[in-house]
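Work through the following exercises with the sequence and the model side by side. Each one sets a task and is followed by a solution that proceeds in steps.

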Amino acid sequence: MKILQSSIFRAICAIIIGILLIKYPDKTITGITICIGILFILPGVFSVATYLSARKNARPEQLLDANGKIISGGNPSLPIAGLGSIILGLFLTLMPNTFVSLLMYLLGAIIILGAINQFIMLVNMKKISDISWAFYLAPSIILLTGLFVLIYPIESASLPLIIIGCCCIVYGVSECVNAYKDYKLRKENISL
């Protein structure tokens, strides 16, 4: 019975997550971006706190090696990576939609450049030999995708989450069916 309960619990969780991903993909992208921002802030704050603590307890005397380089002691170095982590984390946390839009614009531009590169390659190949029009299909689709991403950046970011949401629902339903079938088979084998 525990197997059935854990399988049903997993299935229900997957279905709920799938429904939320399909119904609220934009909010999910925003939530994920905020979580990533917090994950950047935490180590940054830790490194700055460690720096401030080390600076407060720093010993003025320095230990030098034979070449005159400082081995230990003195003031600790400023945690530039930690400060950068805090700044990036604040940007992600406080302006998640702006970050997602900027990222999607960048990805859209890269996709369009890739399509243009493929068109140029096909034009150069056509100078050497005849090529089928079918070769132009892939770069055309890539170009249209890049334009879609530039025109609708948030929707483009949400699309993969909708697909993942559909997969979660399918997983949840199949998990329920498999759990029921497993339970039924085990029950039949116990009674034999």
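The exercises below deal in turn with the fold, the core, a buried serine, the cysteines, the salt bridges and the aromatic pairs of this predicted model.

**Exercise 1. Fold and confidence**

Task: Describe the order of helices and strands in the protein, and state which elements have the lowest and the highest mean pLDDT.

Solution: Begin with the inventory, which gives 6 helices and 2 strands. Reading along the sequence then yields the pattern α-α-β-β-α-α-α-α. Next, turn to confidence: the average pLDDT of the protein is 83, and 88% of the residues score at least 70. Among the elements, strand β2 (residues 70-73) has the lowest mean, 60, whereas α3 has the highest, 92. Finally, consider how contacts are distributed along the chain: of those between residues at least 6 apart in sequence, 73% join residues at least 24 apart.

**Exercise 2. The largest nonpolar core**

Task: Identify the residues of the largest nonpolar core and the elements that give two or more residues to this core, then list the contacts of M104 beyond its neighbours within four places in sequence.

Solution: As a background figure, buried residues make up 23% of the 192 residues in the protein. The largest nonpolar core has 7 residues in all, namely L21, I29, V100, M104, V149, A157 and L161. Sorting these by element shows that α4 (96-128) and α6 (153-191) are the ones that give two or more residues to this core. For M104, once neighbours within four places in sequence are left aside, the contacts are V149, P153, S156 and A157. Of these partners, V149 and A157 are listed as members of the core along with M104.

**Exercise 3. A serine in a helix**

Task: Decide whether S85 is buried or exposed, and find its contacts outside the neighbours within four places in sequence.

Solution: First place the residue: S85 belongs to helix α3, which covers residues 80-94. The relative accessibility of S85 is 14%, and because buried means under 20%, S85 counts as buried. The contacts, with neighbours within four places in sequence left out, are F40, I41, P43 and G44.

**Exercise 4. Cysteines and disulfides**

Task: State how many disulfides the structure holds, and explain why C168 does not bond to the closest cysteine sulfur.

Solution: Searching the whole structure gives 0 disulfides. For C168, the closest cysteine sulfur is in C167, at 7.2 Å, which is too far for a bond, because the cut-off for a disulfide is a pair of sulfur atoms within 2.5 Å. Accessibility can then be added to the description: C168 is buried at 18% relative accessibility, while C35, at 46%, is partly exposed.

**Exercise 5. Salt bridges**

Task: Find how many salt bridges the structure holds, and describe where the residues R10 and E175 lie.

Solution: The count of salt bridges is 2. In one of them, the side chains of R10 and E175 meet at 2.6 Å, N to O. Since R10 lies in helix α1 (residues 2-23) and E175 in helix α6, this pair ties together parts that are 165 residues apart in sequence. R10 is partly exposed at 40% relative accessibility, whereas E175 is buried, with a relative accessible area of 13%.

The side chains of R186 and D182 also form a salt bridge, with an N to O distance of 3.0 Å. These two residues are 4 apart in helix α6, so they are separated by about one helical turn. Both ends are partly exposed, R186 with a relative accessible area of 44% and D182 at 27% relative accessibility.

**Exercise 6. Aromatic pairs**

Task: Give the number of aromatic pairs, and classify the geometry of F91 with F99 and of F148 with Y152.

Solution: The count comes to 3 aromatic pairs. F91 and F99 form one of them, with 6.1 Å from centre to centre and 80 degrees between the planes; because planes over 60 degrees apart count as edge-to-face, that is the class of this pair. F148 and Y152 form a further pair, at 5.3 Å centre to centre and 45 degrees between the planes, and this pair is tilted. As for accessibility, F91 is partly exposed at 24% and F99 at 27%, while F148 is partly exposed at 37% and Y152 at 42%.

Note on methods
Residues numbered from 1 in each chain as written. Heavy atoms only, no water. Core = buried A, V, L, I, M, F, W, Y, C linked by side-chain atoms within 4.5 Å. Buried < 20%, exposed > 50% of the residue type's maximum accessible area, 1.4 Å probe, protein only. Contact = heavy atoms within 4.5 Å. pLDDT = per-residue confidence, 0-100. Phe/Tyr/Trp six-rings, centres within 6.5 Å; stacked < 30°, edge-to-face > 60°. Salt bridge = Lys/Arg side-chain N within 4 Å of Asp/Glu carboxyl O.
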